[in-house]
Amino acid sequence: QAMAPLHPVAVQCQEAQLVVTVHRDLFGTGRLVRAVDLSLGPASCLPVAQNPTQDTVTFVAGLHECGSTLQVTPDSLIYKTSLSYKPTPSGNLVIVRTNPVVVPIECHYPRKSNVSSNAVQPTWAPFRSTLSAEERLKFSLRLMDDDWSTERLSHGFQLGESLHLQADVASEGHVPLRLFVDHCVATLSPDKDSSPRYAFIDRSGCLVDGRAEDTTSAFISPRPRQETLQFVVDAFKFAGDDRNLIYITCHLKVSPADQAPNPWNKACSFNKASSLWAPVEGTGDICSCCETGNCPLHG
């Protein structure tokens, strides 16, 4: 807001930092507050500059500094902090003549466009580390129609049909990401650890169901985009159980798109014609552990 006694706190939301300018006539009474009684955020960061001519105090802090918090909405990244005024006694050590004040401060950044015309990589690099740490990536797993164009409305299948499954991650505003399906398990209850259970993707991205006889289960190659992974699984039911409902639970993960696939970040299908495992991308050796079973859990 414009600097005036009625609006004594002005905030500039810049690319990687916020600038807070405070008029020392904080209450509009003509009585100036002391700069040492002002601080920014839970970390109580101190001002970096004062302007005696204009009676202002300026704070400059990175979006992640001074104890600020991040809120992610479908459209925005919202950084929240606060300006605190805590009067301390001066002269007479028994009394103070003003009340403490906390002014909430927010900076909103759109997730679906650049915040400026500058280079994208420096702009978004801080968000990558923050979102990863906050586990804010938005994953989805959907049943799709046979042509992959729309989500399938019916969840009913006959044995002999195939399930078309599509995993996605929303990555607007991030450095490019590549999605992987680490493992998938089918159960008769929502509890993924219940018994009986059937792991049809296992070993950090091996579609092991495609190794069984009379199946065509496989990952779709090439991908439609790096943030999406599609795979087909032949319909099945649990032997000796007449229930017609199964639950599928998948663990999805991402890696930087510029990182080469490896034994712990891979999407491998079994090719019955060649009797070999083949990756959606990467070299064939990353799939060798799909056959031996000694795949690393992480790297």
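## The Cys-289 to Cys-295 link

In this predicted model, Cys-289 and Cys-295 are joined by a disulfide, with 2.0 Å between their sulfur atoms. The torsion about the S-S bond is about 100°, so this disulfide is right-handed. Buried means under 20% relative accessible area. Cys-289 has 7% relative accessibility, so it counts as buried, and Cys-295, at 13%, counts as buried too.

## Next door in helix 2

Cys-290 sits in helix 2 (residues 288-292) and forms a disulfide with Cys-206, the sulfur atoms again 2.0 Å apart. This one is left-handed, with -80° about the S-S bond. Cys-206 is in the loop between strand 12 and strand 13 (218-219), and the two cysteines are 84 residues apart. Both Cys-206 and Cys-290 are buried.

## A small set of strands, and a disulfide across it

Now for the sheet: three strands make an open, antiparallel arrangement in the order 12-11-15. Strand 12 (197-201) and strand 15 (247-256) are the edges; each has a single partner strand, so one side of each lacks a neighbour in the sheet. From one strand to the next, the twist averages 20°.

Strand 11 (residues 177-187) and strand 15 run antiparallel and are joined by 10 bridges. Ala-186, for one, has Ile-248 in strand 15 as its bridge partner.

A disulfide connects these strands as well: Cys-184 pairs with Cys-250, sulfur atoms 2.0 Å apart. Cys-184 lies in strand 11 and Cys-250 in strand 15, so the bond ties together parts 66 residues apart in sequence. The link is right-handed, with 115° about the S-S bond, and Cys-184 is buried at 1% relative accessibility.

## The full tally

The count comes to six disulfides. Counting bonded cysteines along the chain, the pattern reads 1-4, 2-3, 5-7, 6-11, 8-9, 10-12.

Note on methods:
Residues are numbered from 1 along each chain as its sequence is written. This is a predicted model: local features need pLDDT of at least 70, side-chain atom pairs count only at pLDDT 80 or more; totals for chains, interfaces and linings use all residues. Side-chain values use heavy atoms; hydrogens and water are left out. Two strands pair if DSSP finds at least two bridges between them. Helices (H or I, at least four residues) and strands (E, at least two) are DSSP runs, numbered from the N terminus. Axes are lines fitted to C-alpha atoms, for helices over the stretch in contact, and angles run from 0 to 180 degrees between N-to-C directions. A disulfide is a pair of cysteine sulfur atoms within 2.5 Å. Buried means under 20% relative accessible area, exposed over 50%, partly exposed in between (1.4 Å probe, protein chains only).
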